[in-house]
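Student: Could you pick one spot in this protein and walk me through its surroundings, step by step? I'd like to see how a single residue fits into the bigger picture.

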Amino acid sequence: SVVGMSSRLAAAVTCGIMRIQTELGVRGPVAEIGTFEGRFFIAMAHALATDETALGIDLFDWPNPEVIDRFHANCEKHGVPASRRVTWKADSRTLDATETLAKVGGHRVRLFHIDGEHSRHALTRDLTLATAVLAPEGVIVLDDMLHPGYPTLMVAVQHYLETHPDMCVLC
């Protein structure tokens, strides 16, 4: 019932990856750029252990400034209390690893979902941030990679994979 574009399939796959991480002993927070009203964020938060937190990063200015209030209300309504989440009203393109890690208590992020501004430049910057805070066993989940409205996102991903040979495409 939360407004957003993410699908049940995307949430199920991502939360399945988180379940596998947990079974393998991978622990830590999750982070999301482009939280909007919380649809995907809430699903990820429910896949966390009780002592793990979720970090939501967004400008929280579209379609109006009240979107942050709707985000908080949706989280509360759907069982993600303030004690389990960190809301960060910020432009991800200006953030660095040190301040991002500080937001999650210095813990490396085990899963980073990127659904921010859909431009090549912004995705490149978001991938740089995600990589800098990612745990060794971490996963980066990208939104809208094959959407025909955003053809340059794949160019950013291809460049990223060429410059980060230790990373690979999972699915």
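Tutor: Sure, let's start with N74, which counts as buried because its relative accessibility is 14%, and buried means under 20%. Keep in mind that we're looking at a predicted model. N74 sits in helix α3, which covers residues 67–77. So who are its partners? Setting aside neighbours within four places in sequence, N74 is in contact with V2, E37 and I42.

Two of those names lead us to a pocket: V2 and I42 are both among the residues lining the second largest one. That pocket has a volume of about 260 Å³. Its lining also includes S1, R8, A11, F40 and H78. Helices α1 and α2 each supply at least two lining residues, and α2 gives the largest share, with five. By character, the lining splits into five nonpolar, five polar and two charged residues.

Now follow α1, which runs over residues 8–23. At 1.5 Å a residue, its 16 residues should span 22 Å, and its end C-alpha atoms are 22 Å apart, so the two values agree. Several residues of α1 are buried, among them A11, C15, I17 and M18. What covers the buried residues of this helix includes β1, α2, β4 and β5. Just after α1, G25 takes a positive phi of about 85°.

Next, the cores. Nonpolar side chains tend to be buried together in soluble globular proteins. Here the largest nonpolar core has 24 residues, and F112, I114, L123 and I140 have the most contacts inside it. Among the elements that each supply at least two of its residues are β1, β4, α5 and β5. The biggest contribution is from α5, with five residues. For a closer view, take I140: leaving out residues up to four places away in sequence, I140 touches F112, I114, L127, A130, T131, L134, Y160 and M167.

There is also a second, separate core, with 21 residues, and A11, F40, A45 and L48 are among them. That brings us back to where we were: A11 and F40 also help line the second largest pocket. To retrace the route on the structure, begin at N74, step to its contacts V2 and I42, look into the pocket they help line, and then move to A11, a buried residue of α1 that belongs to the second core.

Technical notes: Residues numbered from 1 in each chain as written. Predicted model: local features only at pLDDT ≥ 70, side-chain atom pairs only at ≥ 80, totals over all residues. Heavy atoms only, no water. Core = buried A, V, L, I, M, F, W, Y, C linked by side-chain atoms within 4.5 Å. Buried < 20%, exposed > 50% of the residue type's maximum accessible area, 1.4 Å probe, protein only. Helix = DSSP H or I, 4+ residues; strand = E, 2+ residues; numbered from the N terminus. Contact = heavy atoms within 4.5 Å. Expected span 1.5 Å × (residues − 1). 1 Å grid on protein atoms, 1.4 Å probe; cavity = no way out; pocket = protein on both sides within 12 Å on 5 of 7 lines; lining within 4 Å. Points joined across faces, edges and corners; volume = space filled by probe spheres on them. Nonpolar A, V, L, I, M, F, W, Y, C, P; charged D, E, K, R; others polar.
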